[in-house]
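I sat down with this one to see how its sheets, helices and cores fit together. Here are my notes, in the order I looked things up.

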Amino acid sequence: MRFDPRSLVDVAVLVAREAGSLALTTREAAVADVDTKSTITDVVTAADRAAERLVRERLASLRPGEPVIGEEEGGQAAAEGLTWVVDPIDGTVNYLYGIPHYAVSIAAQVDGESIAGAVHEPASGRTWTAARGGGAWLDGRRLQVNDVTRLDVSLLGYGFAYRADRRQRQAETWAKLATKVRDIRRAGAASLDLCAVAAGRLDAYAEHALGRWDWAAGALLAREAGAVVKVPGEAPELGADATFAAAPGIADALYAALVDAGFARV
């Protein structure tokens, strides 16, 4: 079965912008209705749930019969054909606190691989898009990763897991990396971190414990912009649930440095 990635991008953009508008305009009421999931620090708001319901309804109308996997309501991938992968609000803690760094992420996958995706930032109105083989874009501007070749002058993005014991191990690992790079950033939204690699705003990004909805669109953007990308299951030396994206000129050096720092043991 063949799909046109560009037409799927159009659908993802349309629906992501609608969900983003909902999240933006309902934030004040939504953050008054907060629950937790895996740990007390893993929050979900009424807007997360409402945005995912909107996405599911719109995709059911625009692409009937295609299954959806979402962060809040779950779901299963299609045995054959296309599956939509949705994070209704990536960066919920930022959203909760009024930090405008959060996004709606929607990707279309076939056999577990992303072929189209959109990451929309409600607060800025920016939309990042990619279609397999068609490059990565930010509001009509083509993206390209940095041409950096030295790890010691590279800017890295990272993230923390929700479990306290794992955060401790992650902190120890990142401390070992701190002297080998220019600096490290923790922004709080994996999809946007991957987009930042695509745009050259970060030279690389690595994190554990992401859900498929966290990386499905952003990893495609980074790859289409020229990054070396590994999603969970593809980089066992970094850990079974590691996500990795880096400019080609530093990818091997960073990969080796993460292995040496014990990244797989976190």
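These entries go through the sheets, then the helices and cores, then a few single residues.

**Entry 1: before starting**

I am working from a predicted model.

**Entry 2: the 5-strand sheet**

I started with the open sheet of 5 strands, which runs in the order β11-β10-β12-β14-β13 and has mixed pairing. Its edges are β11 (183-185) and β13, each pairing on one side only. From one strand to the next I get an average twist of 15°.

I then looked at what β14 pairs with. On one side I found β12, antiparallel to β14 over 5 bridges. For a landmark I noted E207, whose bridge partner in β14 is T243. Strand β13 (residues 228-230) is also antiparallel to β14, this time over 3 bridges. There the landmark is V229, which has A245 as its bridge partner in β14.

**Entry 3: how enclosed is β14?**

How many of the residues of strand β14 are buried? I count 5 of the 5 in residues 242-246, so the strand is largely enclosed by the rest of the structure. The cut-off I need here is under 20% relative accessible area for buried.

Next I checked which way the side chains go. In a regular strand they alternate between the two faces of the sheet. In β14, A242, F244 and A246 point one way, while T243 and A245 point the other way, and all are buried.

I also asked what covers this region. Helix α8 (residues 248-260) lies across β10 (155-158), β12, β13 and β14. Its direction is at about 145° to β14.

**Entry 4: the 7-strand sheet**

I moved to the other open sheet I had listed, with 7 strands in the order β3-β4-β5-β6-β7-β8-β9 and mixed pairing. I marked β3 (68-70) and β9 as the edge strands, as each pairs on one side only. Helix α3 (residues 46-62) packs on this sheet, where it touches β3, β4 (82-90) and β5 (103-110). I noted an angle of about 155° between the directions of α3 and β4.

At the β9 end, β8 and β9 pair in the antiparallel sense over 2 bridges. The pair I wrote down is L138 with its bridge partner R141 in β9.

**Entry 5: α6 against α7**

Two packed helices are described by the angle between their axes and the distance between the axes. For α6 and α7, I have axes that come within 8 Å and cross at roughly 0°. The two helices are therefore roughly parallel to each other.

I listed who meets whom at this contact. From α6 come A190, S191, L194, C195 and A198, and from α7 come D214, W215, G218, A219, L221 and A222.

**Entry 6: the nonpolar cores**

Which residues have the most contacts inside the largest nonpolar core? I noted W128, L143, W174, L221, L254 and L258, in a core of 59 residues. Helix α6 (residues 190-199) gives the most to this core, with 8 residues. Apart from it I found another core, of 23 residues, with V15, L82, W84 and V104 among them.

I took a longer look at L254. Leaving aside neighbours within four places in sequence, L254 is in contact with L151, L156, L177, A204, F244 and A246. Two of the names here, F244 and A246, I had already met on one face of β14.

**Entry 7: positive phi away from glycine**

I looked up D139, which is not a glycine yet has a positive phi of about 50°. D139 sits in the loop between β8 (136-138) and β9 (141-142). At 46% relative accessibility, D139 is partly exposed.

A209 is another non-glycine with a positive phi, near 70°. I placed A209 in the loop between β12 (204-208) and α7 (212-224). With 42% relative accessibility, A209 also counts as partly exposed.

**Entry 8: S7**

My last look-up was S7, in helix α1 (residues 5-25). Is S7 buried, exposed or partly exposed? Its relative accessibility is 29%, so S7 counts as partly exposed. A polar atom of the S7 side chain lies 2.8 Å from the backbone oxygen of D4. I also noted R212, 205 residues away from S7 along the chain, with 22 Å separating the two C-alpha atoms.

Note on methods: Residues are numbered from 1 along each chain as its sequence is written. This is a predicted model: local features need pLDDT of at least 70, side-chain atom pairs count only at pLDDT 80 or more; totals for chains, interfaces and linings use all residues. Side-chain values use heavy atoms; hydrogens and water are left out. Helices (H or I, at least four residues) and strands (E, at least two) are DSSP runs, numbered from the N terminus. Buried means under 20% relative accessible area, exposed over 50%, partly exposed in between (1.4 Å probe, protein chains only). A polar contact is a pair of N or O atoms within 3.5 Å; within protein, one must be able to donate a hydrogen and the other to accept it, and residues adjacent in sequence count only if both atoms are side-chain atoms. A nonpolar core is a set of buried Ala, Val, Leu, Ile, Met, Phe, Trp, Tyr and Cys residues joined through side-chain atoms within 4.5 Å. Contact means heavy atoms within 4.5 Å. Two strands pair if DSSP finds at least two bridges between them. Axes are lines fitted to C-alpha atoms, for helices over the stretch in contact, and angles run from 0 to 180 degrees between N-to-C directions. Angles under 35 degrees count as roughly parallel, over 145 as roughly antiparallel, 65 to 115 as roughly perpendicular and the rest as oblique.
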